[in-house]
Protein chains: 2
Amino acid sequence: MPYFDAASAAPLHPVAREALLASLDEGWVDPARLYREGRRARLLLDAAREAAAEAVGCRPDELVFTPSGTQAVHRAVAGAVAARRRTGRHLVHSAVEHSSVLHAAEAHEAAGGSADPGGTRTEVAVDRTGRVAAEEFAAALRPDTALACLQSANHEVGTEQPVPEVAEACREAGVPLLVDAAQSLAWGPVEGPWSLLAASAHKWGGPPGVGLLAVRKGTRFSPQGPADERESGRVPGFENIPAIVAAAASLRAVRAGAADEAARLRGLVDRVRTRVPELVPDVEVVGDPVRRLPHLVTFSCLYVDGETLLHELDREGFSVSSGSSCTSSTLTPSHVLRAMGVLSEGNVRVSLPVGTTDADVDRFLEVLPGAVRRVREQLGAPTDALEADASPAPEPGLVLDALGKRCPLPVIELAKAIDGVPLGSTITVLADDEAARLDIPAWCAMRGHEYVGEHAAERGAGYVVRRVG
Amino acid sequence: MPYFDAASAAPLHPVAREALLASLDEGWVDPARLYREGRRARLLLDAAREAAAEAVGCRPDELVFTPSGTQAVHRAVAGAVAARRRTGRHLVHSAVEHSSVLHAAEAHEAAGGSADPGGTRTEVAVDRTGRVAAEEFAAALRPDTALACLQSANHEVGTEQPVPEVAEACREAGVPLLVDAAQSLAWGPVEGPWSLLAASAHKWGGPPGVGLLAVRKGTRFSPQGPADERESGRVPGFENIPAIVAAAASLRAVRAGAADEAARLRGLVDRVRTRVPELVPDVEVVGDPVRRLPHLVTFSCLYVDGETLLHELDREGFSVSSGSSCTSSTLTPSHVLRAMGVLSEGNVRVSLPVGTTDADVDRFLEVLPGAVRRVREQLGAPTDALEADASPAPEPGLVLDALGKRCPLPVIELAKAIDGVPLGSTITVLADDEAARLDIPAWCAMRGHEYVGEHAAERGAGYVVRRVG
């Protein structure tokens, strides 16, 4: 059963399993205790810290273990910002950071009492591949910037960020840079003079329950929240030593084979990137085709409901994820796809775990076209033939009421209606589904029509499209 | 090798180990995902929540899992206090709470900006057994009390607190009560109308990495810190499902045998309570002799250095802990022993894990007297014979300079000097070790001398003792 959602959680690496089992008998003890069992537990913890620090490229005393990558990010932001309170309370981050960074940034912004203005922040935009421009990021740094945050690579589309250049710019500006390395740490250390780094073990095949936070010497840091003596006072709570040992051992194991495995998976991802648009009509493959994670590829399918497609693929035995609005609890498309300005409907993220075979990927390419076709048929989406049909012409006034209809229905109705629009004339789609704002312009770009713009409406918005082709 | 520090961390229960292994293959997946593996992980998590809630005595939707008991307490205090900000910012807790509660209370007190007065708190004193009086606790509740905190049983001396009575008083006052049930949850649910409850799996033989937090319906609660969707928005970060499953399974297993095992361990603890003072001279057994945890007993040995005694016992194969000042990084005696006003030097906490045998306890009783004797000899402590000796009389003025000397030396020197003090006269011990404040009065009580009081000195303090016997 091919599981293609490694970017969400990677299957437990055999070395992680083995290390976890081997340390269960000694790892439950309090490593702060002076007796024999405590000293042994401390040795396990110290050895794990050394191994993890080596993989990160920092000193062991710069690295602490947290209970998750999310908590590593939350504590990193809170501790770094608090330590630089006198400098200012401005935060810079890219528009495509992981939700843990965005939530920490929102909490920073909301913080402060009546006499305290709270934090401010600048979100640096990305291009259509999901990448920030290093110069643009550098230009957002201000004298009152307390912290900058940039992921090493994007978790939804795989695009690598220019971390070394941005880290250099931050160093020059005297601003600490926090790198969220959750998606890339398995493949290699993060280059450049970053100040803080966060990661998550279950992304590299380590067990759940372990994140790591590195704070390089010379970086000011004031842990927030109640005091606790453990992990250099940076992470409260009893250490989960068996999981920590397993996390460190598996990171080392994954790294040992990283170069070869990356090259192999890169080949498989290239195959997906090339073949999917050939096999499935009306697909947009997103993310940088070259500067990207080796194991991750994302594409979106016009006229497709993401959740239904996930179920179809699940029935065929493939586990993937989606940034479509229908798969989100808030019914909005992923903030990453929005920031990139790309199609969000029928979105599929394929992230291959270590060891994925050629046959797995080939079978995925076999079943995908049928799965997409079935979803389109269920939705009554236009096929090439259908689109050529003379659909019932829209009423004079050329307004298509798609209010109350969820993604991808507004785009499907637009596609059916467009043939009834005289060449050079416009049609206005009324829609109140958030995905329409992203997907109607994306559809225009894919189909060669002109997207004129959006105007406010009594409910939702009107999206104006001019028929060109 | 008998490990007698279960109150710090209990050995991993076989059921915990088994459940952990059984859920490793499915428990690494994101339970929020819609595909098959995600749904299976969600089922594991839901089942664990049901089992844990049943053991706690709450509804499954009232219970969330945290990465540690410490984080359960920290989040409980922060969330409960924030939700009642309009009522007031006053906190009530006992003087003998676990450090996680005290640290959360300190953070609450320190919070607030220039226009914000921060929190206030009332620490409710305990008697010499370590117990609060329910009426006294109730009297500390005020109209602006946001939260009250009381442990179910003390982690250092085992004394049970009157939680049902206090919970009733809190209910009447409309104040939520947070119960830290870390030490008692293995033995049974906490009775009474408490509002919040925190516990830690590694205290009952579950794995490290799991705490639990129950917030009963109707209790106002505002999670603090960055938002996150997991665990009802109360605990950010990816769930550690294998550990959670192991925690729930082992809690159920421990509870199944709890009544019998508690009775058996209670007998072993009674044996320690009775025999230690018979076998070792100058020992004070502390904590309530009846209303106490079944598996925990604490005693202190006059003229003994706690750290050295721990090492002696470790050499004999026994792992115990100590609240003596010499075993603390701050060189102060445990806040619990201080609040009780009992002897702190040579402090030993014995907490028996499930399955401890009679033979283990008997061997402990065999080796303890020799270990204490060796430590006393190393320190040149007075033995019965030595004490009877005419020690060199102190200089006229009867001041004993023990400045710069660490516990237990000031008490040892006092014991040697007392014979040179005329009956009815006083001697003043100058000492700057924090433990002296506790241990000199305790020594007087044990020896039948009168403790007159303490006065300030240029360095440290002067402790005045009148020779009576």
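Let me begin with the sheet of chain B in this predicted model. Seven strands form an open, mixed sheet in the order β1-β7-β6-β5-β4-β2-β3; strands here are DSSP runs of E of at least two residues, helices are runs of H or I of at least four, and both are numbered from the N terminus. Two strands count as paired if DSSP finds at least two bridges between them. At the edges lie β1 (63–66) and β3 (120–124) of chain B, each pairing on one side only. Neighbouring strands are turned against each other by 20 degrees on average, direction ignored.

Within this sheet, β5 (177–180) and β6 (196–200) of chain B pair in the parallel sense over 3 bridges. Asp180(B) has Ala198(B), in β6(B), as its bridge partner. Helix α6 (163–173) of chain B packs on the sheet, where it touches β4 (145–151) and β5 of chain B, and its direction makes about 160 degrees with that of β5(B). Such angles run from 0 to 180 degrees between N-to-C directions, with axes fitted as lines to C-alpha atoms, for helices over the stretch in contact.

A word on conventions. Residues are numbered from 1 along each chain as its sequence is written, while chains are lettered from A and ligands numbered from 1 in the order in which they are written. As the model is predicted, local features need pLDDT of at least 70 and side-chain atom pairs count only at pLDDT 80 or more, whereas totals for chains, interfaces and linings use all residues.

I turn to the interface. 51 residues of chain A are in contact with 51 residues of chain B, contact meaning C-beta atoms, placed from the backbone, within 7 Å. On the chain A side, the elements giving two or more residues are α1 (14–24), α2 (36–56), α3 (69–83), α4 (99–110), α7 (241–256) and α9 (306–315). Of these, α4(A) gives the most, with 4 residues.

Next, burial. In helix α13 (409–417) of chain A, 9 of 9 residues are buried, that is, each has 20 or more other C-beta atoms within 10 Å of its own; 12 or fewer means exposed, and anything in between partly exposed. Among them are Glu413(A) and Lys416(A).

Finally, why is Leu331(B) classed as partly exposed? Because 14 other C-beta atoms lie within 10 Å. Leu331(B) sits in the loop between α9 (306–315) and α10 (335–340) of chain B. Leaving aside residues up to four places away in sequence, Leu331(B) touches Ser325(B) and Glu434(B).

How values were computed: Two residues are in contact if their C-beta atoms, placed from the backbone, lie within 7 Å.
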